[in-house]
Amino acid sequence: MTVHLARKRQLTLDMKKILGILTALCLMAGISHAGCGKKVTDTGVLKAYDAETKQITVVGAKSKLTITPKTKGARNLKALIGKKVKVISEHKKVDSVAAVSG
């Protein structure tokens with residue numbers, strides 16, 4: 001009878017360890033995906049565009065933003081210099097640039 005209880009206790013402890021490890025793994029997976037997909041919208045005057053480094057400077061944005069091949073509105077950046085623009089970016093990489101009226 002004592003051997004049976006000892007095995008049952010050991011099995012219960014093993015299951016608790018397994019459940020604890022699985023819970024920790026699930027939490028780590030959830031935390032690693034928590035910050036992805038955050039879009040930042042900046043509105044201000046397009047101060048400069050450097051074609052060599054593919055970076056723009058927007059008055060109101062905290063830093064220079066990088067233009068990528070997928071950036072929407074990148075073809076007419078030179079025409080937008082000095083005008084009010086709306087820039088949507090993710091991790092300092094521009095998704096879109098558009099002129100704002102007003």
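**View 1. Lys 39, partly exposed, in a predicted model.** Start with Lys 39, a residue that is partly exposed, with a relative accessible area of 46%. Keep in mind that everything here comes from a predicted model. The side chain of Lys 39 meets that of Glu 90 in a salt bridge, at 3.1 Å from N to O. This pair links distant parts of the chain: Lys 39 belongs to the loop between helix 1 (2-32) and strand 1 (40-50), while Glu 90 is in strand 4 (residues 84-90), 51 residues apart.

**View 2. Asp 95 reaches Lys 39 too.** Here Asp 95 forms a salt bridge with Lys 39, and their closest N and O atoms are 2.6 Å apart. Asp 95 is in strand 5 (residues 93-99) and Lys 39 is in the loop between helix 1 and strand 1, so this pair ties together parts that lie 56 residues apart in sequence. How exposed is Asp 95? Asp 95 is partly exposed, with a relative accessible area of 27%. Through shared partners, the salt bridges join Lys 39, Glu 90 and Asp 95 into one network. The salt-bridge count comes to two.

**View 3. The barrel and its strands.** Pull back a little and you'll find a closed barrel of five strands, running 1-2-3-5-4 with mixed pairing. From one strand to the next, the twist averages 60 degrees. Strand 1 and strand 4 run antiparallel, and six bridges join them. For a spot to look at, try Asp 42, which stands opposite Val 87 in strand 4. Along the sequence, the protein follows the pattern α-β-β-β-α-β-β, which comes to two helices and five strands.

**View 4. Leu 77, tucked away in helix 2.** Leu 77 is found in helix 2 (residues 77-80). Is Leu 77 buried or exposed? Leu 77 is buried, with a relative accessible area of 0%. Setting aside neighbours within four places in sequence, Leu 77 is in contact with Leu 46, Tyr 49, Ile 56, Ile 67 and Val 97. You can also look across to Asp 50: Leu 77 and Asp 50 are 27 residues apart in sequence, and their C-alpha atoms are 9.9 Å apart in space.

**View 5. The largest nonpolar core.** Which residues make up the largest nonpolar core? There are twelve residues in all: Leu 46, Ile 56, Val 58, Ala 61, Leu 65, Ile 67, Leu 77, Leu 80, Val 85, Val 87, Val 94 and Val 97. Two or more of these residues come from each of strand 2 (55-58), strand 3 (65-72), helix 2, strand 4 and strand 5. Now zoom in on Val 58, one of the core residues. Not counting residues up to four places away in sequence, Val 58 touches Gly 44, Val 45, Leu 46, Lys 47, Val 85 and Val 87.

**View 6. The protein from the outside.** To finish, here's the protein as a whole. Its accessible surface comes to about 8100 Å², and 62% of that belongs to carbon and sulfur atoms. Of the 102 residues, 17% are buried. What share of the contacts between residues at least 6 apart in sequence join residues at least 24 apart? For this protein, the share is 50%.

Note on methods. Residues are numbered from 1 along each chain as its sequence is written. This is a predicted model: local features need pLDDT of at least 70, side-chain atom pairs count only at pLDDT 80 or more; totals for chains, interfaces and linings use all residues. Side-chain values use heavy atoms; hydrogens and water are left out. A salt bridge is a side-chain nitrogen of Lys or Arg within 4 Å of a carboxyl oxygen of Asp or Glu. Helices (H or I, at least four residues) and strands (E, at least two) are DSSP runs, numbered from the N terminus. Buried means under 20% relative accessible area, exposed over 50%, partly exposed in between (1.4 Å probe, protein chains only). Contact means heavy atoms within 4.5 Å. Accessible areas come from the Shrake-Rupley method with a 1.4 Å probe; for residues, only the protein chains shown count as cover. A nonpolar core is a set of buried Ala, Val, Leu, Ile, Met, Phe, Trp, Tyr and Cys residues joined through side-chain atoms within 4.5 Å. Two strands pair if DSSP finds at least two bridges between them. Axes are lines fitted to C-alpha atoms, for helices over the stretch in contact, and angles run from 0 to 180 degrees between N-to-C directions.
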